[in-house]
Amino acid sequence: MKALVLYSSQTGRVKKLAEAIRSVLPANTDFLPMEQAPENFDDYDIVFAGVWFLNLKLDSISQAVLPRLKAGKVALFAIMHRDLFSDDISKNLRSAVELLPAGVWVAGTHVDYVAESMAKTPLGDNELFNVESVKDFAENTYYRTQTDKVA
Ligand SMILES: Cc1cc2nc3c(=O)[nH]c(=O)nc-3n(C[C@H](O)[C@H](O)[C@H](O)COP(=O)(O)O)c2cc1C
């Protein structure tokens, strides 16, 4: 069994987080844009799914894929321009979690922040983008769930 990193990204920031996650997972980890999500997820022990939000709604590709993301464990990661300490963050995350099929173990969640003033601009080569926190999230989630028996 292996891991899959799946991501939805328009301006490049969720993809950047996805690449950072991929870099700390085992070498056989698969990496796919959400548009190329497989028909089923039977090959995967855990799926890291990267999503984003548009006017308080989950992006449309993730809206279509999450309801059929029938994997044993799913870890969600996102980037939002809402204040990280606001309740909008938990509401957004909850809206994504609630789309997952019944029985999926939500193994972890992680949110990064982008300033609203930057959000419409594609990620540039010179944009400072800290991926250390999302790497910690991925390592913690992956290795914790290899040994944990309960959610
Ligand atoms: C038009 C627009 C609307 C957005 N609406 C929200 C929102 O309602 N809540 C939020 O937290 N982030 C919102 N964002 C921020 C996106 O989640 C953020 O830009 C993210 O980086 C998009 O992912 P991507 O860079 O991989 O395409 C919005 C961004 C854009 C461009």
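Reader: What radius of gyration does the protein chain have?

Author: This is a predicted model, in which local features need pLDDT of at least 70, side-chain atom pairs count only at pLDDT 80 or more, and totals for chains, interfaces and linings use all residues. Residues are numbered from 1 along each chain as its sequence is written. The radius of gyration is taken over C-alpha atoms, and the globule rule is 2.2 Å times the number of residues to the power 0.38. For 151 residues a compact globule would come out near 15 Å, which agrees with the protein chain's 14 Å.

Reader: In what pattern do helices and strands follow each other along the sequence?

Author: Helices (H or I, at least four residues) and strands (E, at least two) are DSSP runs, numbered from the N terminus. The protein chain has five helices and six strands. Read along the sequence, their pattern is β-α-β-β-β-α-β-α-β-α-α.

Reader: Is strand β5 largely enclosed or not, and why?

Author: A residue is buried if 20 or more other C-beta atoms lie within 10 Å of its own, exposed if 12 or fewer, and partly exposed in between, with C-beta atoms placed from the backbone. Lys73, Ala75, Phe77 and Ile79 point one way from β5, Val74, Leu76, Ala78 and Met80 point the other way, and all are buried. Because eight of the eight residues in β5 (residues 73-80) are buried, the rest of the structure leaves the strand largely enclosed.

Reader: Which residue of β6 does Phe77 stand opposite?

Author: Two strands pair if DSSP finds at least two bridges between them. β5 pairs in the parallel sense with β3 (residues 44-54) over seven bridges, and with β6 (residues 105-113), also in the parallel sense, over eight bridges. Between β3 and β5, Phe48 has Ala75 as its bridge partner; in β6, Phe77 stands opposite His110.

Reader: Is the crossover from β5 to β6 left-handed or right-handed?

Author: The test is to point the strands away from the viewer: a crossover is right-handed if the path from the first strand over the helix to the second runs clockwise. Between β5 and β6 the chain passes through helix α3 (residues 87-97), and this β-α-β crossover is right-handed.

Reader: Which residue of β2 stands opposite Leu6?

Author: β1 (residues 2-7) and β2 (residues 30-33) pair in the parallel sense over four bridges. With α1 these two strands make a right-handed β-α-β unit. In β2, the residue opposite Leu6 is Leu32.

Reader: How many residues of the shell around the ligand are charged?

Author: A residue is near a molecule or strand if its C-beta atom, placed from the backbone, lies within 6 Å of it. There are 20 residues around the ligand, and those that come nearest are Ser9, Arg13, Val14, Met80 and Ala119. Ala, Val, Leu, Ile, Met, Phe, Trp, Tyr, Cys and Pro count as nonpolar, Asp, Glu, Lys and Arg as charged, and the others, Gly among them, as polar. The shell holds nine nonpolar and seven polar residues, and the charged ones number four.

Reader: Is Leu56 buried or exposed?

Author: Leu56 lies in the loop between β3 and β4. Its phi is positive, about 70°, although Leu56 is not a glycine. Leu56 has 11 C-beta neighbours inside 10 Å, so it counts as exposed.
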